[in-house]
Amino acid sequence: MYTRYAKLQQLQLPKQPYYETQGTLLLLYAPGRTAALESTLEFQLHRKFRLVKSLETPLPGSAAGVVVLAEDAELLSTALSYFAQALQEKADFAACDAVFGFEGDTALYRAPGHLEGARCALLSRKLLERCQEAGCPLDRPEALLAFGAKLARAPRHIPQALVRFRREICAQDVFPPQGRRALLLSHELNMTGAPIVAVSAVPILRKLGYEVGVLGPSDGGSLSLFVEAGASVVTNPDCVTSPSLWGLASACDLVLANTVVEAEAVRALNGGPVPVLWWLHDAFEGYSHIAHRVPRELKENVRIAAVGSHATAALHSIRPGFEVRQLIYGLPDYARETFAPYDISYAGGRPLFVSVGAFEPRKGQDILAEAIRLLPEETRRKAAFLFVGKGSDKALLADVRALVREFPREVFYVKRLAREEIKSLMDQCACVVCSSRDDPMPTFVTEGLIFGKPAIVSEHTGTAGLVTDGTDGFIYPDDDPAQLAQRLEWAIAHPEALAAMGPACRALYEKYYSPKAFADSLTACVRAFGQPPKEE
């Protein structure tokens, strides 16, 4: 039986707790074909259940609730235990995540507040009675599920993939039956810049009246952020190249394609009936292997927006005639949040200079490492330097590790920090340093601005197009370690002047990167398609 489960279900099963639910009688109402359902009922850990073909006759007096299925489906062996536990915890309506397809490699993670459209859900006995009183026909599972979701007073989302449908996923599984629909395409669901900033688009689209779905690969850390923001998320490892999954877009009112990696999907949607906003965050390097897939002509339904002048220039290097709107991402005001302090005692009270990002040539950690070596010894000893990032490029990582060995009291390396630790780090550091050779709009620099921290940035970053040199940050030219060393030396020698730049840095965040600034820009981009949605 275990081998019949989808991979996601196999991964979830060992982590699921045991619930003592045998005192709760459940009915299963599935009046249609039930071949797949019946085969999985044999293996249910919860054994107190009864499969019924009708709800017209009075329910058994001890029945606590009904699991309603609008189509034949397979249930994970723990499914009824979870549904019964939801009843014991006073839920009156409960729906879960699900997997789809012959291989079960497409998963749906429901937004907690959006349970309408579920094809399998639990209704409590009292909720079933309310549905009947409201005129719902008990012989129609689809109507019963819709009424239940609408009339529920204590709905519950069960964040486990307890149901498997052998068919492909469709828009009705992802979105409620009513309202406008927006689909966000993301080639990553990890904790890198592009998916993190895309999360901020979800509440804005919802405010504009859209129900939001997200299509991406397996969870790399940011999936829960999308769900918490109010989106339902569909995952599939081949999402970037799957025409069947892009088909979800045809049932939507807006598509937001995140980064140039979605070029194949944009090509498929180009000239179609659905408005597509293609949001580009990509560096020049990002086009080296995908330029041939970027359409040479865009139809009226496709508009392009980019995160600043650097990302715009990168696109124009291959498609100089494309019109590009500016859509700089927004980040939440982390400075207003409460988070545990990250221990930077290793800095010894000295000003801490921070670089965050995966180690790869375009990120230029080697430039910063050489600049630190060029500092006068007396100056270097007055500061501390921290590199944070996964060592994707082994040569760069080796260079930084060698730097740590050279100056163990001044230079430090950490492979990874949690989001809360990054926030605390930005709150405590003196300055952030971005030595990238090619970086459209580095998010860690923006995170520093939230806390009023100036940045020293390469001229080859998108941030350089917004910074006023010497007022709210510093810019150095030519990817030159010596020029970077000069800015570092000044900052170390003038800690009071560096700290005094705080208000100007914070003002830069408010003007370009705040939730309000982003909401205004994204709303303008959406409304440029015409027939703007009505705001809530």
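Author: Let's begin with a term: a residue counts as buried when its relative accessible area is under 20%. Keep in mind that this model is predicted.

Reader: Thanks! With that cut-off, how many residues of strand S3 are buried?

Author: Six of the seven residues in S3, which spans residues 63–69, are buried, so the strand is mostly covered.

Reader: Which strands does S3 pair with, and in which direction do they run?

Author: A general idea helps here: in a regular strand the side chains alternate between the two faces of the sheet. In this model, S3 runs parallel to strand S1 (residues 25–29), joined by five bridges. Strand S7 (residues 120–124) is also joined to S3 by five bridges, but that pair is antiparallel. To find your way by residue, look for Leu27 opposite Val66 of S3, and for Val67 with its bridge partner Leu122 in S7.

Reader: Now the open space. How should I look for pockets, and what lines the largest pocket?

Author: Rolling a probe the size of a water molecule over the atoms shows where empty space is left. Here, the largest pocket holds about 1500 Å³ and has 46 lining residues, with Asn190, Met191, Thr192, Gly193 and Ala358 nearest its centre. Helices H7 (193–199), H16 (419–428) and H17 (443–450) each give two or more residues to that lining. Its classes are 20 nonpolar, 13 polar and 13 charged.

Reader: And which helix gives the most to the second largest pocket?

Author: That is H21, with three residues. The second largest pocket has about 390 Å³ of space, and its 19 lining residues comprise 13 nonpolar, two polar and four charged ones. Nearest its centre are Ile196, Val199, Ser200, Pro332 and Tyr334.

Terms used
Residues are numbered from 1 along each chain as its sequence is written. This is a predicted model: local features need pLDDT of at least 70, side-chain atom pairs count only at pLDDT 80 or more; totals for chains, interfaces and linings use all residues. Side-chain values use heavy atoms; hydrogens and water are left out. On a 1 Å grid over the protein atoms alone, a cavity is a set of points where a 1.4 Å probe fits but cannot get out, and a pocket is an open set with protein on both sides within 12 Å along at least five of seven lines; lining residues have an atom within 4 Å of a point. Grid points are joined across faces, edges and corners, and a volume is the space filled by probe spheres set on the points. Helices (H or I, at least four residues) and strands (E, at least two) are DSSP runs, numbered from the N terminus. Ala, Val, Leu, Ile, Met, Phe, Trp, Tyr, Cys and Pro count as nonpolar, Asp, Glu, Lys and Arg as charged, and the others, Gly among them, as polar. Buried means under 20% relative accessible area, exposed over 50%, partly exposed in between (1.4 Å probe, protein chains only). Two strands pair if DSSP finds at least two bridges between them.
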